[in-house]
Amino acid sequence: MSTYRERAHRQTARASVLRAIASRERSSHLSAPRVPTVGIDIGGTKVMAGVVDADGTILERVRTETPDKSKSAKVVEDTIAELVLDLSDRHDVHAVGIGAAGWVDADRSTVLFAPHLAWRNEPLRAALASRLVVPIMVDNDANTAAWGEWRFGAGRGADHLVMITLGTGIGGGILEAGKVKRGAYGVAGEFGHMQVVPEGHRCPCGNRGCWEQYSSGNALVREARELAAADSPVAYHILERVGGQVGDITGPLITELAREGDAMCVELLQDIGRWLGVGIANLAAALDPARFVIGGGVSEADELLIGPAREAFRRQLTGRGYRPEATIVRAKLGADAGMVGAADLARLVARRFRRANRRRAERAHRPGFELRLTPRNWAGEQ
């Protein structure tokens, strides 16, 4: 009888432990193994890879130019594999996370469309899995940036968060209750293609009046170049800086001149900021987040851009004065956000991979059990 009671007590205790473990694992990012993983950020001009630890610290990074988009998809995949193998020579890498500038399906395995790369329904995870021996996670680069900022940057403490990345265009990521919201087909967060001006500027997506045609790096440069090409007197200073070469006007130059007090450049950033605020007010009406995090290259203008955005947001917000207002802040991780976020999401994949292997190993020791290894989706839940 004593033996039975002891056994029952052990089973009860074990059940309590398992319940505690299950409870902890619901907070996935907290229970992920503290192992180094590789994060990769792929854009139209660069591929950046880094080994990142569990605290979001980059242990080492490597960077290369993105192969010309006219080349085959395999060329880009070769570049990714070479970077991972290079880092693996010096680090014990447990998983790889990839943030791609394109639409990624809900299973986080296939890049449906990448405007700056030769990927059309490209099974990226499967292509790389045949060459790398660690679990692989693929996601949209704005989603990985949003996750990185939520975990380690300006989004900490806000479980309902929207990230907006202002670069060539506008990308976005949504987090609710600590989970990335990807939508039914994996392509949620394409905020840049909301229509804000009917029959407005033509967008490369094929439509007119998209938000990114009024609040993005492309919009900023387009407006500056048009003024310069028209030989407007307000463009005298910037034309002088580029030696009269209108094509040499860039977003970073506009930001630099605005910081120096150039009236035209300040006004252009204010215009971009006001359109940013209008779009944010629309997103607040739809999603009601606690915080908006503004990242991407254009966010380097800081308050020259975000100040006007806050003002426009308050003017346009539905129910203003009768509802709590989301805060609007600049991202803290800068250009590293996508890479750090991808690596951290990959760490969750490593946890699930380890847990599944442990369960299969335990089952393999049971009488009559036949071990069968089948392909699995290691994308996880986040």
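## Exercises on a predicted model

A search of the whole structure finds 1 cavity of 30 Å³ or more. The model is predicted, so local features need pLDDT of at least 70 and side-chain atom pairs count only at pLDDT 80 or more, while totals for chains, interfaces and linings use all residues. Residues are numbered from 1 along each chain as its sequence is written, and side-chain values use heavy atoms, with hydrogens and water left out.

**Exercise 1. Find which residues line the largest cavity, and which strands supply them.**

Step 1. A cavity is a set of points on a 1 Å grid over the protein atoms alone where a 1.4 Å probe fits but cannot get out; lining residues have an atom within 4 Å of a point.

Step 2. The space in the largest cavity is about 30 Å³, where a volume is the space filled by probe spheres set on the points, and grid points are joined across faces, edges and corners.

Step 3. Its lining consists of His-160, Leu-161, Val-162, Ile-174, Leu-175, Glu-176, Leu-287, Asp-288 and Pro-289.

Step 4. Strands β9 and β10 each supply at least two of the lining residues; strands (E, at least two residues) and helices (H or I, at least four) are DSSP runs, numbered from the N terminus.

**Exercise 2. Place β9 and β10 in their sheet.**

Step 1. The strand order is β11-β10-β9-β12-β13, an open sheet of 5 strands with mixed pairing. Two strands pair if DSSP finds at least two bridges between them.

Step 2. Look at the edges: β11 (179-180) and β13 (327-330) each pair on one side only.

Step 3. β13 joins β12 in the parallel sense over 4 bridges, and Phe-292 stands opposite Ile-328 in β13.

**Exercise 3. Work out why Ile-238 counts as buried, and what it touches.**

Step 1. Locate the residue: Ile-238 lies in helix α7.

Step 2. Ile-238 counts as buried because its relative accessibility is 1%. Buried means under 20% relative accessible area, exposed over 50%, and partly exposed in between (1.4 Å probe, protein chains only).

Step 3. Leaving aside neighbours within four places in sequence, Ile-238 is in contact with Ile-249, Leu-253, Ile-254, Leu-257, Met-264 and Cys-265; contact means heavy atoms within 4.5 Å.

Step 4. Take one of these partners: Leu-257 is 19 residues from Ile-238 in sequence, and their C-alpha atoms are 7.7 Å apart.

Step 5. Now widen the view. A nonpolar core is a set of buried Ala, Val, Leu, Ile, Met, Phe, Trp, Tyr and Cys residues joined through side-chain atoms within 4.5 Å. The largest has 42 residues, of which Ile-164, Ile-238, Leu-276 and Phe-292 touch the most other members. Helix α9 gives the most to this core, with 10 residues. Another core, of 28 residues, lies apart from it and includes Val-38 and Val-96.

**Exercise 4. Describe the surroundings of strand β1.**

Step 1. Check burial: 6 of the 6 residues of β1 (37-42) are buried, with Thr-37, Gly-39 and Asp-41 on one side and Val-38, Ile-40 and Ile-42 on the other.

Step 2. Strand β2 (46-52) runs antiparallel to β1, joined by 6 bridges, and a hairpin connects the two through 3 residues. Asp-41 has Met-48 as its bridge partner in β2.

Step 3. Strand β4 (96-100) runs parallel to β1, with 5 bridges; Val-38 stands opposite Val-96 there.

**Exercise 5. Find where pLDDT stays under 50.**

Step 1. pLDDT is the predictor's confidence in each residue, from 0 to 100. The protein averages 85, and 82% of the residues score at least 70.

Step 2. The stretch is residues 13-26, with 4 contacts beyond four places in sequence. Where pLDDT is low, the predicted coordinates should not be read in detail.

Notes:
1 Å grid on protein atoms, 1.4 Å probe; cavity = no way out; pocket = protein on both sides within 12 Å on 5 of 7 lines; lining within 4 Å.
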